[in-house]
Amino acid sequence: MTVHLLPTAATPAPSPTPTDDVLVPQDLGSPTSWWQWFTGVPLTILVIVAVSCVVLVLLQALIRRVTDHIAEGTPVTERGVLRPLADRGVAQTLLKVDPLATARRAQRARTLGSVLRSTAAVLVGGIAVFLVLDALGVNIAPFIASAGIVGVALGFGAQSLVKDFLTGTFMLLEDQYGVGDVVDLGPATGTVEAVTLRVTKVRDADGTLWYVPNGSLVRVGNKTQGWATAVVEVDVDYFADLDQVERLLAEAAAHVAAELGDAVQGEPTITGIERLTAEAITLRMRVRTSPARQWEVARALRVAARRVLEEAAVPLAGQRDALTAHRAALAEVADDEAQGADGEARVDASDPDPHDTPVDDVVRPPKP
């Protein structure tokens with residue numbers, strides 16, 4: 001029996017395929033080869049770098065121009081195609097210039113501009129690097145995956161820092177407070193000296209400088225934004241005439257409004273009885289003021305209220321006897337001064353003639 005063996009299929013031998021070297025031309029001595037090499041990957045890289053630089057310069061110029069206009073407070077009607085409207089009445093209806101302090105607005109605009117420019121540089125630079133690597137034939141998928149993993153790791157490891165920066169950015173965008181404002185941040189209360197994306201520096205009444213991370217702020221109370229209210233409570237004697245007291249307090253508030261001028265906004269309000277106890281009756285004065293002027297107005301209100309109540313003999317709570325004794329002492333001093341003045345006048349009237357001497361008394365007979 002004869003066995004016929006089937007021929008097996010020949011296994012093809014692997015033959016390596018030549019790879020193109022994109023870094024150097026194939027023929028170093030041929031100008032055509034050099035030109036073909038230059039118009040390939042090198043030209044692509046140059047175009048990527050040039051376009052990235054142009055885009056970055058345009059973005060940074062745009063950001064800088066916008067932030068400079070915000071910092072300087074230049075109205076919209078004085079820029080670009082709306083410039084001719086700035087000299088007309090239309091400008092007043094299109095835009096009302098914000099009268100806030102320029103230092104606060106400038107700091108907010110400069111900080112946001114710096115952050116936006118840095119962000120634009122990182123984004124444009126990162127995209128350009130990945131495009132160049134892709135043009136060189138490098139597989140950028142692992143880089144993108146690694147960048148994602150690194151971003152997640154940094155997000156978990158530095159989440160408090162990221163929270164501080166995000167909170168600071170939104171606070172600047174929303175203009176919650178600025179340099180010079182008196183704020184209540186919870187852990188610290190005082191005057192804001194600096195605002196950054198990560199921390200806020202607050203100087204309290206004792207001179208302590210507090211560094212408060214923006215991410216730790218749960219609520220913010222701004223005492224000097226927009227307008228404020230000066231509130232003064234006056235405790236008068238239980239048996240005082242309330243109508244008279246309200247009239248006197250209104251007179252004191254009117255005097256303060258006339259004296260301080262632009263610090264007071266609107267008409268003062270004298271409310272009724274706020275508290276009623278066995279010792280006193282409490283009345284409240286409320287005056288709307290300009291930002292950061294409420295403490296000055298409140299001090300002036302206390303001085304004016306004390307003056308008008310003392311002149312009208314209206315005692316404060318628990319001070320009836322003290323007021324009576326004080327007025328008696330003033331009357332006694334006034335009587336003493338009046339008697340002293342009368343005595344001096346009598347002495348002056350009885351003074352002898354300055355030319356009259358003992359010798360004259362001997363030589364001349366005394367006057368009858």
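Residues are called buried when under 20% of their relative accessible area remains, exposed when over 50%, and partly exposed in between, using a 1.4 Å probe and protein chains only. The structure is a predicted model, in which local features need pLDDT of at least 70, side-chain atom pairs count only at pLDDT 80 or more, and totals for chains, interfaces and linings use all residues. Residues are numbered from 1 along each chain as its sequence is written, and side-chain values use heavy atoms, with hydrogens and water left out.

The protein holds 10 helices and eight strands; helices (H or I, at least four residues) and strands (E, at least two) are DSSP runs, numbered from the N terminus. Of its 368 residues, 25% are buried.

Helix 6 is a good place to start. Its 16 residues (residues 159-174) should span 22 Å at 1.5 Å a residue, and the end C-alpha atoms are indeed 22 Å apart; the expected span is 1.5 Å times one less than the number of residues. Asp164, Gly168, Met171 and Leu172 of helix 6 are buried. Seen down the axis of helix 6, the buried residues fall within an arc of 95°, so they line one face; the arc is that of the directions from the helix axis to the C-beta atoms. Gln159, Phe170 and Leu173 are exposed on the other side of helix 6. Just after helix 6, Asp175 takes a positive phi of about 55°.

Within helix 6, Asp164 is buried yet has no salt bridge, and Arg198, the nearest side chain of opposite charge, is 4.6 Å away. A salt bridge here is a side-chain nitrogen of Lys or Arg within 4 Å of a carboxyl oxygen of Asp or Glu. Lys and Arg count as positive and Asp and Glu as negative, while His and the chain ends are not counted.

Elsewhere, the search of the whole structure finds eight salt bridges. One of them joins Glu233 to Arg284, with the closest N and O atoms 2.4 Å apart. This pair links distant parts of the chain, Glu233 lying in strand 6 (residues 228-237) and Arg284 in strand 8 (residues 280-289), 51 residues apart. Glu233 counts as partly exposed because its relative accessibility is 35%.

Helix 8 (residues 294-311) offers another view, since Glu310 and Arg306 are four residues apart there and thus separated by about one helical turn. Their salt bridge has its closest N and O atoms 3.7 Å apart. Arg306 is exposed, with a relative accessible area of 59%, whereas Glu310 is partly exposed at 29% relative accessibility.
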